Amino acid sequence: WDRRNWTIVERNLTSVTYYHLDRADEGFPGYVEAHVTHTVENGGVFRTSILAQATEKTPIMLTQHIYWNLDAFQGSDNILNHTLHVDGSRVVAVDGDAIPTGALIDVTDTVFDFRTKQKIGSRWNDTVGLCGGGQTR
């Protein structure tokens with residue numbers, strides 16, 4: 001769906017909502033209606049809400065792949081001192097080829113736990129081999 005046209009159905013000063021209807025043109029059963037809302041809240045908190053509904057039983061796994069330029073306007077080639085907060089208690093497990101297995105991993109006491117705001121580099125070296133870590137750019 002990354003190459004599909006999404007329609008803006010609502011927008012205001014702090015959010016935008018997009019809509020897409022998949023008419024089973026990729027061979028999966030049923031139609032799928034999807035809505036995605038991006039919101040920027042007070043303090044610069046960015047939130048994404050995704051809702052998809054299908055007319056028939058069909059696999060749906062919506063995500064987003066946003067690539068941030070975290071050192072923009074900072075005059076730095078290193079983003080490891082930036083702070084990050086991710087309000088998520090689980091991540092999707094992947095196999096040796098980084099293909100999602102469907103299993104969910106609890107982030108408690110792992111390098112993926114950013115439920116408390118902390119520096120990106122706080123456990124950076126511990127991510128080598130887990131998610132392509134070890135490089136800052």
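User: Which strands each supply at least two residues of the lining of the second largest pocket?
Analyst: In this predicted model, those strands are β2 (15-22) and β3 (32-41).

User: And which one gives the most?
Analyst: β3 does, with three residues in the lining of the second largest pocket.

User: How many residues line that second largest pocket, and which lie nearest its centre?
Analyst: The lining has 21 residues. Nearest the centre of the second largest pocket are Trp-1, Asp-2, Trp-6, Leu-62 and Thr-63.

User: What is the lining of the second largest pocket like by class?
Analyst: Nonpolar residues number 12, polar ones six and charged ones three.

User: How much space is in the second largest pocket?
Analyst: About 740 Å³.

User: Back to Trp-1. Where in the chain is it?
Analyst: Trp-1 sits in the segment before β1.

User: How far is Trp-1 from Leu-62, in sequence and in space?
Analyst: Trp-1 and Leu-62 are separated by 61 residues in sequence, and their C-alpha atoms are 9.2 Å apart in space. Both are among the residues nearest the centre of the second largest pocket.

User: Why does Trp-1 count as partly exposed?
Analyst: Because its relative accessible area is 26%, and the partly exposed class falls between the 20% and 50% limits.

User: Step back a bit. How many helices and strands does the chain have?
Analyst: Zero helices and eight strands. Along the sequence the pattern reads β-β-β-β-β-β-β-β.

User: What share of the chain is buried?
Analyst: Of the 137 residues in the chain, 19% are buried.

User: New topic. How many salt bridges turn up in the whole structure?
Analyst: Three. One of them joins Arg-4 to Glu-26, with 3.0 Å between the closest N and O atoms.

User: Where do Arg-4 and Glu-26 sit in the chain?
Analyst: Arg-4 is in the segment before β1, and Glu-26 is in the loop between β2 and β3. The two are 22 residues apart, and the pair links distant parts of the chain.

User: What are the accessibility figures for Arg-4 and Glu-26?
Analyst: Arg-4 has a relative accessible area of 32% and is partly exposed. Glu-26 is partly exposed too, at 40%.

User: Which residue does Arg-47 form a salt bridge with?
Analyst: Glu-41 is the partner of Arg-47, and their closest N and O atoms are 3.0 Å apart. Arg-47 is partly exposed at 41% relative accessible area, and Glu-41 is partly exposed at 35%.

User: And what does Asp-113 pair with?
Analyst: Asp-113 forms a salt bridge with Arg-115, with the closest N and O atoms 2.9 Å apart.

User: Is Asp-113 buried or exposed?
Analyst: Asp-113 is buried, because its relative accessible area of 15% is under the 20% limit. Its partner Arg-115 is partly exposed, at 32%.

User: Now the surface. Which residues form the nonpolar patch with about 220 Å² of accessible area?
Analyst: Val-40, Phe-46 and Ile-66 make up that patch, and the area is for the three together.

User: Where is Ile-66?
Analyst: Ile-66 is in the loop between β4 (45-54) and β5 (83-84). Its relative accessible area is 33%, so Ile-66 is partly exposed. That figure is also over the 30% needed for a residue to join a patch.

User: How far is Phe-46 from Thr-14?
Analyst: From C-alpha to C-alpha, Phe-46 and Thr-14 are 9.7 Å apart in space, with their positions 32 residues apart in sequence. Thr-14 belongs to the loop between β1 (7-11) and β2, and is partly exposed at 43% relative accessibility.

User: Last one, the backbone. What is phi of Asp-109 near?
Analyst: Phi of Asp-109 is near 60 degrees, which is a positive value in a residue other than glycine. Most residues other than glycine have a negative phi.

User: And where is Asp-109?
Analyst: Asp-109 is found in the loop between β7 (100-106) and β8 (118-119). Asp-109 counts as exposed because its relative accessibility is 77%, and exposed means over 50%.

Methods: Residues are numbered from 1 along each chain as its sequence is written. This is a predicted model: local features need pLDDT of at least 70, side-chain atom pairs count only at pLDDT 80 or more; totals for chains, interfaces and linings use all residues. Side-chain values use heavy atoms; hydrogens and water are left out. On a 1 Å grid over the protein atoms alone, a cavity is a set of points where a 1.4 Å probe fits but cannot get out, and a pocket is an open set with protein on both sides within 12 Å along at least five of seven lines; lining residues have an atom within 4 Å of a point. Grid points are joined across faces, edges and corners, and a volume is the space filled by probe spheres set on the points. Helices (H or I, at least four residues) and strands (E, at least two) are DSSP runs, numbered from the N terminus. Ala, Val, Leu, Ile, Met, Phe, Trp, Tyr, Cys and Pro count as nonpolar, Asp, Glu, Lys and Arg as charged, and the others, Gly among them, as polar. Patches are made of residues with over 30% relative accessible area and no salt bridge: like charges are joined within 9 Å, nonpolar side chains (Val, Leu, Ile, Met, Phe, Trp, Tyr) within 5 Å. Accessible areas come from the Shrake-Rupley method with a 1.4 Å probe; for residues, only the protein chains shown count as cover. A salt bridge is a side-chain nitrogen of Lys or Arg within 4 Å of a carboxyl oxygen of Asp or Glu. Buried means under 20% relative accessible area, exposed over 50%, partly exposed in between (1.4 Å probe, protein chains only).
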